[in-house]
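Work through the exercises below with the sequence and the 3D structure in view. Each task is followed by a solution in steps.

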Amino acid sequence: MSEMKFEGQVALVTGASRGIGAAIALELARKGVKVIGTATSDAGAAKIREALAAFPGCDGRALDVTDGAAGDALVDAIAKEQGGLHILVNNAGITRDTLAMRMKDDDWDAVVDTNLKGVFRMSRSVLRTMMKQRYGRIINITSVVGASGNPGQANYAAAKAGVAGMTRALARELGSRNITVNCVAPGFIETDMTAGLPEEQQKALLGQIPLGHLGKPADIAHAVCYLASPQAGYVTGQEMHVNGGMYM
Ligand code: NDP
């Protein structure tokens, strides 16, 4: 198979300061993509800049995906500065886990606003540029939990399942403009997010993984790079599960 070719392409990766987003940003940059990664703070943006320092044209910016106007402004600035925007990776996400009986409206709203509405807003922001280019790749990071469910994650599972549904709707809306929209659904990946889970829960989850180990952020990054590549041009509306077999 020919090597993935990304010459002249520009990507925006949300939540690139650590974990899965940092791995996606690095892998795309290694493939020659000009990557703009975001974090919620200036310190996080500086961290991204440092991590991508070896790759000319890559940058880190501050962005809160719950701030729609800020998302629009960043996307417009990138399109102007770089002359286009070809790849959007909606990776930023949070958890506020607790059993439904104890879940406060704030826990629900924060997760849905960031993980679902944030993905919609950022996708809407890039559409004008991608439609004009007649080329685009939108990749949304969902979760195995959106498909399988998980106790204590009613808000998170609802948001991730919502993103998968939105992905299929957008794929149908945008296919005629040569814009593909897909998801990558990670299983249990070693990041700050999973490090916070109680040890008992981590052990139980490990027992459900046929490959017998946790995933690495790079495992997700490789799947994202494929879907972001020109070679994936006939794949749209799909959710690619990368989970060591824990859900099939
Ligand atoms: P981390 O908690 O390690 O990193 C989260 C990233 O999202 C950080 O860069 C953070 O920025 C950013 N972020 C958080 N809130 C916002 C916001 N409001 N606006 C913009 N950026 C924000 O998460 P992971 O790397 O583990 O997860 C990345 C994605 O993968 C998420 O969507 C998650 O739901 C999904 N996922 C992860 C799994 C796992 O096992 N780890 C499993 C399945 C899905 P900052 O550093 O500034 O806080």
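**Exercise 1: The ligand shell**

Task: find which elements each supply at least two residues of the shell around the ligand.

Solution. Helix 1 (19-30), strand 2 (34-39) and helix 7 (192-195) each do so. Helices (H or I, at least four residues) and strands (E, at least two) are DSSP runs, numbered from the N terminus. The model is predicted: local features need pLDDT of at least 70 and side-chain atom pairs count only at pLDDT 80 or more, while totals for chains, interfaces and linings use all residues. Residues are numbered from 1 along each chain as its sequence is written.

Next, take the residues themselves. There are 31 around the ligand, and Gly15, Gly19, Ala92, Gly93 and Thr191 come nearest; a residue is near if its C-beta atom, placed from the backbone, lies within 6 Å. Last, sort the shell: twelve residues are nonpolar, 16 polar and three charged. Gly counts as polar here, and Asp, Glu, Lys and Arg as charged.

**Exercise 2: The sheet**

Task: give the strand order of the open sheet and name its edge strands.

Solution. The seven strands have the order 3-2-1-4-5-6-7, with parallel pairing; two strands pair if DSSP finds at least two bridges between them. Strand 3 and strand 7 (239-242) are the edges, since each pairs on one side only. On average, neighbouring strands are turned by 20° against each other, direction ignored.

**Exercise 3: Strand 2 and its neighbours**

Task: describe how strand 2 pairs with strand 1 and with strand 3.

Solution. Start with strand 1 (residues 10-13), which is joined to strand 2 by four bridges in the parallel sense. Here Leu12 stands opposite Ile36 of strand 2. Then turn to strand 3 (residues 59-62): it runs parallel to strand 2, with four bridges. Gly37 has Gly60 as its bridge partner in strand 3. Finally, follow the chain from strand 2 through helix 2 (residues 42-51) to strand 3; this β-α-β crossover is right-handed, that is, clockwise from the first strand over the helix to the second with the strands pointing away from the viewer.

**Exercise 4: The annotated span**

Task: state what UniProt lists for residues 9-191 and describe that span.

Solution. An unreviewed UniProt entry lists them as "domain: Ketoreductase"; such annotations may be inferred rather than shown by experiment. The span is 50% helix and 17% strand, and its end C-alpha atoms lie 28 Å apart.

Notes. Axes fitted to C-alpha atoms, helices over the stretch in contact; angles between N-to-C directions.
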